[in-house]
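User: I have a chain open on my screen and want to talk it through. Can you take my questions one at a time?

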Amino acid sequence: MTTDNLIRMDSKIVRDNEIIFSEMDGETVMMSIEKGEYYGINPIGSRIWGLLDSPKKVSELCDTLLPDYDVTPEQCAQDVLSFLNRMAEKGIIKIVNNGYAVNNER
């Protein structure tokens with residue numbers, strides 16, 4: 001499955017509520033019971049994960065993150081989109097369509 005460029009700046013994203021997670025030393029460790037896989041994300045990824053407790057547009061995530069990091073808006077957008085597309089590929093986040101999370105699996 002590939003989700004390259006599936007997520008755009010106007011996409012609305014939310015966590016998959018089936019993912020179990022815990023914060024440890026500024027990083028987040030997640031587990032998919034369904035897939036039997038676990039993932040670890042760094043502090044910046046953990047910050048994004050924390051912001052996805054409710055559906056957010058990617059542009060809103062970037063607006064929130066930009067003041068806290070020494071990065072251009074273009075670089076922030078590129079990095080956030082890359083991270084979110086990897087998360088979607090693993091089924092950790094969902095794209096929201098008309099208020100409902102849609103299955104990213106192909």
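User: Let's start with a side chain on the first helix. Is Arg47 buried, partly exposed or exposed?

Analyst: A note before we begin: this is a predicted model. Arg47 has a relative accessible area of 29%. Buried would need a value under 20%, and exposed one over 50%. So Arg47 is partly exposed.

User: Which residue meets the side chain of Arg47 in a salt bridge?

Analyst: Arg47 sits in helix H1, and its partner lies in the loop between H2 and H3. The two are 21 residues apart, so the pair links distant parts of the chain. At 48% relative accessibility, the partner counts as partly exposed. The N to O distance is 2.8 Å, and the partner is Asp68.

User: How many salt bridges does the structure hold?

Analyst: Asp68 with Arg47 is one of them. Another joins Asp10 and Arg8, with the closest N and O atoms 3.3 Å apart. Asp10 is partly exposed, at 48% relative accessibility. The total is 4.

User: Lys94 and Asp16 also meet in a salt bridge. Are Lys94 and Asp16 buried or exposed?

Analyst: Their N to O distance is 3.7 Å. The pair links distant parts of the chain, with Lys94 in strand S6 and Asp16 in the loop between S1 and S2, 78 residues apart. As for cover, both Lys94 and Asp16 are buried.

User: How many of the 5 residues of strand S6 are buried?

Analyst: Strand S6 spans residues 93-97. Lys94 lies in this strand, and Lys94 is buried. S6 is largely enclosed by the rest of the structure, because the number of its buried residues is 4.

User: S6 pairs with S1. Which residue in S6 is the bridge partner of Arg15?

Analyst: S1 and S6 pair in the antiparallel sense. They do so over 4 bridges. In S6, the partner of Arg15 is Ile93.

User: Why do the buried residues of H2 line one face of the helix?

Analyst: Helix H2 covers residues 58-65, and Val58, Leu61, Cys62 and Leu65 are buried there. Look down the helix axis: these buried residues line one face because they fall within an arc of 95°.

User: What covers the buried residues of H2?

Analyst: Those residues are Val58, Leu61, Cys62 and Leu65. Their cover comes from both strands and helices. It includes strand S1 (12-15), strand S5 (56-57), helix H1 (43-51) and helix H3 (73-89).

User: Now the surface. Which strands each supply at least two residues of the nonpolar patch?

Analyst: The patch is made by Ile20, Met24, Val29, Met31, Ile33 and Tyr38, and its area is about 630 Å². Val29 has its place in strand S3. Val29 is partly exposed, with a relative accessible area of 34%. The strands are S2 (19-24) and S3 (27-32).

User: Which residues does Lys90 touch, not counting those up to four places away in sequence?

Analyst: Lys90 lies in the loop between H3 and S6. Its relative accessible area is 41%, so Lys90 is partly exposed. One contact is 51 residues away in sequence, yet 9.5 Å away in space, C-alpha to C-alpha. The residues touched are Lys35 and Tyr39.

User: Finally, what pattern does the protein chain follow along the sequence?

Analyst: The chain has 3 helices and 7 strands. Buried residues make up 37% of its 106 residues. Read along the sequence, the pattern is β-β-β-β-α-β-α-α-β-β.

Note on methods
Residues are numbered from 1 along each chain as its sequence is written. This is a predicted model: local features need pLDDT of at least 70, side-chain atom pairs count only at pLDDT 80 or more; totals for chains, interfaces and linings use all residues. Side-chain values use heavy atoms; hydrogens and water are left out. Buried means under 20% relative accessible area, exposed over 50%, partly exposed in between (1.4 Å probe, protein chains only). The arc is that of the directions from the helix axis to the C-beta atoms. Contact means heavy atoms within 4.5 Å. Two strands pair if DSSP finds at least two bridges between them. Patches are made of residues with over 30% relative accessible area and no salt bridge: like charges are joined within 9 Å, nonpolar side chains (Val, Leu, Ile, Met, Phe, Trp, Tyr) within 5 Å. Accessible areas come from the Shrake-Rupley method with a 1.4 Å probe; for residues, only the protein chains shown count as cover.
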